[in-house]
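Colleague: I am new to this structure, and I would like to hear the reasoning behind the terms that are used for it. Could you take me through them one by one?

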Amino acid sequence: MRPDRERIIAALWALAAVVPVALALVWMWRRFTPADARLLWAFVPVVLIAAWHVWRLRMRRPRALLPTTPTLLRGPRGPLTALRHLPFSLALAGTGLLLVAMARPQSRDSWQDVEREGIDIVLALDVSASMLAKDLKPDRMEAAKRTAVEFIEARPNDRIGLVVYEGEAFTQCPLTTDHAVLKDLFQGVRSGLMEGGTAIGMGLATALNRLRESEAKSKVVILLTDGVNNAGVMQPMDAAQIAEALGVRVYAIGVGTRGKALSPVARYPNGQYRFDYIDVEIDDALLERIATMTGGRYFRATDEKKLREIYREIDELERTRVRVTEFSQRHEEYFPIAAAGAGLLLLGFLFDRTLLRTMA
């Protein structure tokens with residue numbers, strides 16, 4: 001066989017040895033973490049050995065040219081001639097795999113022990129006709145619903161319920177962690193389903209009734225209205241005293257611009273409203289007393305941006321406490337790679353001492 005062709009074949013066998021080693025490296029980096037990646041620098045001398053093996057064939061070229069040399073080079077070759085570099089290739093691949101195994105690829109099982117201390121929250125929403133006023137876009141009610149849904153989405157760990165009130169009050173949704181259902185029920189909220197008026201005391205009392213048997217360490221009512229108490233059998237301050245006794249904080253929100261707003265002033269038989277500019281009247285003093293008595297706060301929302309900021313501030317004031325304990329366990333994954341490397345080394349040794357011995 002010609003020396004140049006011999007070196008090409010030796011180089012191809014050396015490259016063939018790289019394939020299982022490269023696959024092992026890719027497998028290790030994608031699935032595991034090496035315990036000591038510095039050992040992979042040992043591949044440098046392995047590459048140099050492979051290069052030396054190819055280069056040394058140059059030294060085996062005939063030093064004396066005889067008349068029979070060309071004939072011998074072109075003469076017939078046995079079927080095992082092309083495999084004469086197989087033992088070296090197997091030994092090279094086996095050594096590379098053992099080096100990968102020495103880097104100790106490891107897998108890791110990780111899990112978390114999560115303890116959540118959730119908060120029970122009831123949203124008490126005024127749905128009286130005045131909530132259709134146009135000082136918020138498209139009106140107060142839609143703006144209040146939209147911002148409340150954003151608040152719900154930001155609190156996935158809490159139980160949240162919904163109470164709506166006009167001249168009387170009822171529970172639209174009890175406390176639940178199924179926020180998808182809660183948001184769907186929000187879409188059905190509208191004015192005109194109950195007796196007219198603004199029963200702030202009834203709305204607060206109904207919300208407190210939903211929290212009466214709650215075992216949460218933190219219980220909150222967000223009371224939203226745009227008017228003054230003018231209906232219902234429960235006075236707002238009486239409801240506030242009940243909230244104080246139950247340990248429920250009340251965050252009160254007054255919704256409406258200061259001055260005049262385009263508001264419904266009459267309702268036609270077909271259910272439509274006639275609008276006109278009238279003074280906005282919100283009992284700020286009452287709402288502030290309720291909030292202060294229960295350890296909460298009172299906010300005034302004159303536009304949707306302010307309303308969104310208020311919900312964001314309440315969200316910060318009432319954070320759900322989450323304690324996370326992380327655990328991890330490592331597993332050694334080097335054995336299959338080490339076994340494959342040792343197997344290739346043994347196979348290369350056996351070929352070198354048996355079938356391919358005369359080819360060495």
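Modeller: What follows is a set of questions about the terms, with the reasoning behind each answer, and it concerns a predicted model.

Colleague: Let us begin with the rings: why is the contact of Phe151 and Tyr311 called an aromatic pair, and what makes it tilted?

Modeller: The ring centres of Phe151 and Tyr311 are 5.3 Å apart, and rings count as a pair if their centres lie within 6.5 Å, so the term applies. The planes meet at 40°, whereas stacked requires under 30 degrees and edge-to-face over 60, and the rest count as tilted, so this pair is tilted. A search of the whole structure finds one aromatic pair.

Colleague: What makes this pair a link between distant parts of the chain?

Modeller: Phe151 belongs to helix H5 (residues 140-153) and Tyr311 to helix H10 (residues 304-317), and the two are 160 residues apart. Both Phe151 and Tyr311 are buried.

Colleague: How do you know that strand E7 is paired with strands on both of its sides?

Modeller: The order of the open sheet is E5-E4-E3-E6-E7-E10, with mixed pairing, and in that order E7 stands between E6 and E10. Two strands pair if at least two bridges are found between them; seven bridges join E6 (residues 218-225) to E7, and four join E7 to E10 (residues 298-301), so both pairings meet the cut-off. E6 and E7 run parallel, as do E7 and E10. As examples of bridge partners, Val220 is matched with Arg249 in E7, and Ile253 with Phe299 in E10.

Colleague: Why are E5 and E10 called edge strands?

Modeller: Strand E5 (169-176) and E10 each pair on one side only. Between neighbouring strands of this sheet the average turn is 15°, direction ignored.

Colleague: What makes E7 mostly covered, and which helix lies across it?

Modeller: Seven of the eight residues of E7 (residues 248-255) are buried. Helix H9 (residues 284-294) lies across E6, E7 and E10, and runs at about 160° to E7. Another helix, H8 (residues 236-246), makes a right-handed β-α-β unit together with E6 and E7.

Colleague: Turning to charges, how do you know that Arg140 and Asp135 form a salt bridge, and is Arg140 buried or exposed?

Modeller: The closest N and O atoms of Arg140 and Asp135 are 2.8 Å apart, and the cut-off is 4 Å, so this counts as a salt bridge. Arg140 has a relative accessible area of 3%, and buried means under 20%, so Arg140 is buried.

Colleague: Why do Glu142 and Lys145 fall into separate classes of accessibility?

Modeller: Glu142 has a relative accessible area of 31%, which lies between 20% and 50%, so Glu142 is partly exposed. Lys145, at 6%, counts as buried. Their side chains meet in a salt bridge of 3.2 Å, N to O, and being three residues apart in helix H5 they are separated by about one helical turn.

Colleague: What makes Glu304 and Arg308 part of a network?

Modeller: Glu304 forms a salt bridge with Arg308, with the closest N and O atoms 2.9 Å apart, and salt bridges link these two with Arg146 and Glu150 in a network. Glu304 and Arg308 lie four residues apart in helix H10, about one turn. Glu304, at 16% relative accessibility, counts as buried, and Arg308, at 26%, as partly exposed. In total, the structure holds 15 salt bridges.

Conventions. Residues numbered from 1 in each chain as written. Predicted model: local features only at pLDDT ≥ 70, side-chain atom pairs only at ≥ 80, totals over all residues. Heavy atoms only, no water. Phe/Tyr/Trp six-rings, centres within 6.5 Å; stacked < 30°, edge-to-face > 60°. Buried < 20%, exposed > 50% of the residue type's maximum accessible area, 1.4 Å probe, protein only. Right-handed = clockwise from strand over helix to strand, strands pointing away. Axes fitted to C-alpha atoms, helices over the stretch in contact; angles between N-to-C directions. Contact = heavy atoms within 4.5 Å.
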